[in-house]
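Visitor: I would like to learn how to read aromatic ring pairs in a protein model. Could you walk me through them?

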Amino acid sequence: MAETHTAVVTGGSRGIGQAIVERLYADGARVATCGRGDRPAYLPDDVVWVRADVADPIDAGRFVAQARDLLGPASVLVNNAGVLVAKSVADTTDLDWDLQVGVNCRGVFNMSRAVLPDMSERGGVIVNIGSISGVVADLSSALYNASKAFVHSLTRSIAVDHGPQVRCNAVLPGWIMTEMFDEGFALAGDPDAAVRDALARHPAGRFGSPADIANVVAWLVSEEASWATGQCFTVDGGLTAASPLRPESF
Ligand code: NDP
């Protein structure tokens, strides 16, 4: 990384967020991250941990302010924190709505709004973690799917409204092996068969790892991506490039 970034990463306690924190830190960034629980054991001592719920605008503002006090103004924001409420519209309760839309939509909005004053003045990069589920609908995940479509659209608006000082892009992961992956496949009638079937649909021959997403985030925050903004980058092992015909039928 040519420039030393100050990176604020949401949801760094595990999974994709952990890989992003580890990668940006290894690249030399000053990093602050958050989650709703205690400081995770893997974090190096000089990474700032703030217990914060991104769905709460006061928490989001407090997280950004603490990161600013300790590390300086954010030059990178990665909106990674997300939850999955796996239900159809008919089954979704008002509490489900508050959780799903609160974290995945309002959280991205809260955090982006909190960093934009500094970024508009000094420059910055925002990377939002969307999903292929915001483009093609996963079964029984109605609000999750819609929340990710919101993230993709907000990505474009931030890029359009706040460029050239701020670049904003989204990474759209396919199936990445984290706790959310396990939660998703646990819903299948036969989870092992569902995993085998999904794997056969990946031209890359494997599911993704959190590092696969962190690699793309590292590129997007780098100067090498200085002409990339307002875009959604799908990283899914080719899953959504493939026809839905079953490979074993041919
Ligand atoms: P995990 O469930 O493994 O991790 C989610 C992270 O977000 C945790 O650190 C969690 O910490 C944090 N988090 C959740 N809610 C909040 C909140 N309200 N405030 C602050 N932090 C919060 O998920 P993944 O790593 O798999 O997913 C990361 C992102 O990638 C999500 O946006 C997800 O939608 C997206 N994604 C994942 C895919 C996959 O296959 N895994 C595919 C496509 C997209 P805590 O619970 O302690 O607060």
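What follows is a short talk about aromatic pairs in this model.

Guide: Gladly. This is a predicted model, so local features need pLDDT of at least 70, side-chain atom pairs count only at pLDDT 80 or more, and totals for chains, interfaces and linings use all residues. Residues are numbered from 1 along each chain as its sequence is written, and side-chain values use heavy atoms, with hydrogens and water left out.

Visitor: What makes two rings a pair, and how many aromatic pairs are there?

Guide: Rings of Phe, Tyr and Trp (its six-membered ring) pair if their centres lie within 6.5 Å; planes under 30 degrees apart count as stacked, over 60 as edge-to-face and the rest as tilted. Here that rule gives six aromatic pairs. One of them joins Trp175 and Phe185, a tilted pair with 4.5 Å centre to centre and 45° between the planes.

Visitor: Which parts does the pair of Trp175 and Phe185 tie together?

Guide: Helices (H or I, at least four residues) and strands (E, at least two) are DSSP runs, numbered from the N terminus. Trp175 sits in the loop between β6 (166-173) and α5 (179-186), and Phe185 in helix α5, so the pair ties together parts 10 residues apart in sequence.

Visitor: Are Trp175 and Phe185 buried or exposed?

Guide: Buried means under 20% relative accessible area, exposed over 50%, partly exposed in between (1.4 Å probe, protein chains only). Trp175 is partly exposed at 22%, while Phe185 is buried at 10%.

Visitor: Which residues do ring pairs link into a cluster?

Guide: Trp175, Phe181, Phe185 and Phe207 are linked that way.
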